[in-house]
There are 4 protein chains.
Amino acid sequence: MTRIAVLGCGRIGVMHAANIAAHPRARLAGVYDVAAAAAETVGTAHGARIFRSAAEVFASADVDAVLIASATATHCDYIEAAVEAGKPVLCEKPLDLSLERVELCRRRIGDTALPIMLGFVRRFDPGHRAARQACLDGEIGDLHQVVITSRDPAMSPDAYIEVSGGIFRDMTIHDLDLARFMLGEEVVSVSATGSRLVDPALMERCGDYDTTVAVLTTAGGRQAVIVNSRAAAYGYDQRVELFGSKGMVLSGNRRRNEVTKHVGSATNVSTPLLHFFIERYAAAFDAEIGSFVDAVENGAPVEVGFEDGRAASILADAAFKSVDEGRTVRVSEIA
Amino acid sequence: MTRIAVLGCGRIGVMHAANIAAHPRARLAGVYDVAAAAAETVGTAHGARIFRSAAEVFASADVDAVLIASATATHCDYIEAAVEAGKPVLCEKPLDLSLERVELCRRRIGDTALPIMLGFVRRFDPGHRAARQACLDGEIGDLHQVVITSRDPAMSPDAYIEVSGGIFRDMTIHDLDLARFMLGEEVVSVSATGSRLVDPALMERCGDYDTTVAVLTTAGGRQAVIVNSRAAAYGYDQRVELFGSKGMVLSGNRRRNEVTKHVGSATNVSTPLLHFFIERYAAAFDAEIGSFVDAVENGAPVEVGFEDGRAASILADAAFKSVDEGRTVRVSEIA
Amino acid sequence: MTRIAVLGCGRIGVMHAANIAAHPRARLAGVYDVAAAAAETVGTAHGARIFRSAAEVFASADVDAVLIASATATHCDYIEAAVEAGKPVLCEKPLDLSLERVELCRRRIGDTALPIMLGFVRRFDPGHRAARQACLDGEIGDLHQVVITSRDPAMSPDAYIEVSGGIFRDMTIHDLDLARFMLGEEVVSVSATGSRLVDPALMERCGDYDTTVAVLTTAGGRQAVIVNSRAAAYGYDQRVELFGSKGMVLSGNRRRNEVTKHVGSATNVSTPLLHFFIERYAAAFDAEIGSFVDAVENGAPVEVGFEDGRAASILADAAFKSVDEGRTVRVSEIA
Amino acid sequence: MTRIAVLGCGRIGVMHAANIAAHPRARLAGVYDVAAAAAETVGTAHGARIFRSAAEVFASADVDAVLIASATATHCDYIEAAVEAGKPVLCEKPLDLSLERVELCRRRIGDTALPIMLGFVRRFDPGHRAARQACLDGEIGDLHQVVITSRDPAMSPDAYIEVSGGIFRDMTIHDLDLARFMLGEEVVSVSATGSRLVDPALMERCGDYDTTVAVLTTAGGRQAVIVNSRAAAYGYDQRVELFGSKGMVLSGNRRRNEVTKHVGSATNVSTPLLHFFIERYAAAFDAEIGSFVDAVENGAPVEVGFEDGRAASILADAAFKSVDEGRTVRVSEIA
């Protein structure tokens, strides 16, 4: 039984707290948020301790590990504090918007043996994972192309967009990690294209894009194509296609049930897609906690580590640079 | 090149005439209809001879074979005349509404070696045929159950219903033949249920049903379930399911294209089903002509013969008797 | 928080105990089984009390309600004891193999105001429920036909079959209840067909069938077709089709994920169906507990009551009588 | 009735000759091939004239129009000769491997009023066309992204690859035209990525690629992603996805029938994709002839003209330049 404290009680922290509380091998050791009311609501709901500071969390003997779901700017600080306190970490993405900060953190935590796990939850999705396993099992031969379609159901609030670091760092970063997970070879170059079609004014103001394509290439020539949009009217569109020399495997969208309607001139009408990440990746978030507990309790290697978080951030930076300069950017140019 | 004359220029006769005219191994030898104008339209369209009587057709040296698509009451007369004239026959279903007339015809044509083929077109549908082949190839082990869903897109005109002989004889008869084709064993009993839900007044007046289920059993215990309705708002629903000891094979509905729409809360919205039999079974009607030409030119055995037509009519009678008497009817009670 | 004790710790009792233990509004008050070891295993796993007799359960002040998952022959005894003790009941199907025993129980419990709920879990399946709701909402117009396909993944053990009461009472009974739930009108007649194809020797010995079709008709003429097999090589096949004057709604099979494979000549290869009822109806079993808690805590009417259990048993008897006598049996003949 | 002569009797010329011969509004006026035997086979099969030279075709008063299906290097010569002879042209893609030759041809034919149609057959596919129409009808709002997946079933013969002009000119060119057809705005830039994974040695020798991604951007910011492979083990993969502000429409792969198999642990096993372009685009090739006849007989504007052929060739050149230089290439750099 691993006692995990949650730092940050926003939407995703609330979800993590509930998942930990319900997990057979974890216990919610407590919660903390800069907004005391947020922490109080969550803590009370689960009968868990409400910490008054992050320092209190790190100092507590009743906390075996921490889950960092606070604002991005605090991630590296908390990771460093956790390492100093000897507490394993499960940290939400991204590590930081600035690669410099990530590098500094990397140096500071050095070669710690503590589990530092990144919350790239899609790696734990049963469908995506089964698709990858089929590939590893040779069912599609040599992997040639990965095609990831990833579209949010609706534009995030302006306030979020303004500080998110841009689409490649706040949204695509999940797909960049997923592409790395699927490709099985290090990415050497990135070519990206960005447009402003959903909310051109907002995107213009933030120097951001809402409609993008990123193409990654590995040393061996494998390609990953990531097609993103910040707003899909039909829901949260999450598809992964692995294409190889002997076939193709697809991990498709999920729905709440298998009901179809057939009326007038429309047939096979299916239910909406599961609305957003908390529903769509519910099983994955649960498996993520399980994987973290394995690492904490049994010393199993973390399935997604600090270096994976850093690599995804590098690819995000490369994508922005590629759009800015209208050229393919080699990863070695970034870091 | 087989020269085929078409008797009867209603909707299905017009279609057959066009199929024959376009067939690489057949030629439209001419057309006849009691309504001279109908024959003239079709004949002119294809540059084919317009016969002034059925007798003229049977007497013509330029006619190698006849396709009977006239009113049901004329089928047996024409078959007998064709046999007398030594001309092979492809006859639309049913042979006759009266089993007595069918028996008389059977005696009259005796053991003719001429091809007498029945137009049970569904046997020639590529999908249904591939499903059956999978079964014959042992892919689903021993066959246990056949489930046929067969629903017309809309109620036929009153005038048709009034003289059709009832749903089992005008509509289910195709499914009864298809069930026999799939079952691979003779049917020994029939249990049917009939309701009046689409147009109760009309059905009541005609002593007919518009919503029915028929369950057939073979000597070996195999079951076929036929689910019918005279009116499906979403189109012409034609599905066949073969279930066996090692698996199941389904032949599903067909659509004009593979386009799906995903908008708002409805996803995977597919195009309507192919509207009705002429579109849905276009490939089957074409293959049927080819099969008939094979029988005429090469002496290949007809794939669906007079005895198949008689057997389906017997099952239709058994179905009506089953509904009337509220019991399972043994086929041996009918004939 | 409703404290529920579980009577019977076989496969389904074990599952119910776990569901109750995990339910946010229920607590596992204890477990009992005639085999003390079985109760001990389950009780220990959940840190719940292990009762030494059923009487002890009914007498306990710490038990708010009971879930009966013991052998069928004990169901009515336990229901009667629970009513006497003033404890609400959630009872697994069927009430009893004998309608006489059911009638006796009915008289004994009289017009108790206590919630007596039957475990017809399929009513709580999100897909089946959404299909029914679409029908109630008028999306398919007037309901005409219900088609239920229900096939077990494999034959149950001989020992189970020998005392199960026969396919209509042990397996179809779920579909009979589901048909009633969907039809929205009382069933007035049953016509059933039974074959012995999966294990003819066993079926012969038990006077049972493994391959059946049952057709139910309501007073208004609505039809329900239930297609059953005791062994489907491709898994647990659970489909419901509702057909009405304006369209059709289907509740289809469920799979563990949405992965498809495309290799060589086979495309769109999907994963197996969820294996059996515990997986397939996991969400439904959970919702069932919630519904029972609602009835216990808030006095909400039970969604599936004693009369529903009795009605399904009557239909099962009618189905056997129909097969035996080769005729349509009116429900009024049975009870 | 338009009398069309076919120049070039290779695989695609043979198909076109048969389509013309079977078309209700066209007649096969004759055939020509540098290999006399090839022409003789086709001509004899259809009872059509066998021309001994291209000049003879252009001079014939019995030829209303020509279909050019000869070697790519002859396309522009024949177009020029046809224009001089006053005969409308339907020309297979591409116009030429060299843009200079295309420009020269363009100057030579000047502003001829004769129909000069390009054989970009995918524009005539009923599915792709219905998808585009849904977009034009506003069903998906403003178009944001077009995703085209286009994979050949197997690597073409070495001899073809060696002279094909490279993947963007021989294969992607169809997708480039389809993207233009769907985008509804002119493409202003191209960013392409190429790998050698299917047959690295051959690709290396020819300076070509077998696995590519091309991203096109319009002036308005719309994006088209084209994912190509020269060899898909599961068949000819042809999918088009249109994504807009209000939804998405997909035109999917087609199969010969709607049969699915469910055995052991594999469910929903579908039949192979239609094998290659002649089968997959059969309806489109037929519609293409009809569209050409409309242009010839009624003076309807050609649906795909010389400028479309030139535009696609420019995009193909831009794609190669993009791969070579590792940067996004503006179309204005090419022509």
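These notes cover two interfaces that I looked up in a predicted model: domain 1 against domain 2 in chain A, and chain C against chain B.

**Setup**

I number residues from 1 along each chain as its sequence is written, and chains are lettered from A and ligands numbered from 1 in the order in which they are written. Local features need pLDDT of at least 70 and side-chain atom pairs count only at pLDDT 80 or more, while totals for chains, interfaces and linings use all residues; side-chain values use heavy atoms, with hydrogens and water left out.

**Entry 1: the domains of chain A**

I looked up the division of chain A and found domain 1 at 2-114 and domain 2 at 123-279 + 311-334. These bounds come from an automatic or database domain assignment. The centres of the two domains, taken over C-alpha atoms, lie 27 Å apart. For contact I used heavy atoms within 4.5 Å. On that rule, eight residues of domain 1 of chain A meet 15 residues of domain 2 of chain A.

Next I took the buried area, that is, the accessible area (1.4 Å probe) that two parts lose on being put together, summed over both. Domain 1 and domain 2 of chain A bury about 940 Å² between them, with 69% of it on carbon and sulfur atoms. On the domain 1 side, Lys93(A), Leu97(A) and Leu99(A) lose the most area, together 57% of what that side buries.

I then counted salt bridges (a side-chain nitrogen of Lys or Arg within 4 Å of a carboxyl oxygen of Asp or Glu). Between the two domains of chain A the count is zero. For polar contacts I took pairs of N or O atoms within 3.5 Å; within protein, one must be able to donate a hydrogen and the other to accept it, and residues adjacent in sequence count only if both atoms are side-chain atoms. One residue pair across this domain interface qualifies, both at pLDDT 80 or more.

**Entry 2: chain C against chain B**

Here 39 residues of chain C are in contact with 39 residues of chain B. The two chains bury about 2800 Å² between them, 57% of it on carbon and sulfur atoms.

How many salt bridges are there between chain C and chain B? I count four. I noted the one between the side chains of Arg151(C) and Glu241(B), at 2.7 Å, N to O. The polar contact rule finds 19 residue pairs across this interface, both residues at pLDDT 80 or more.
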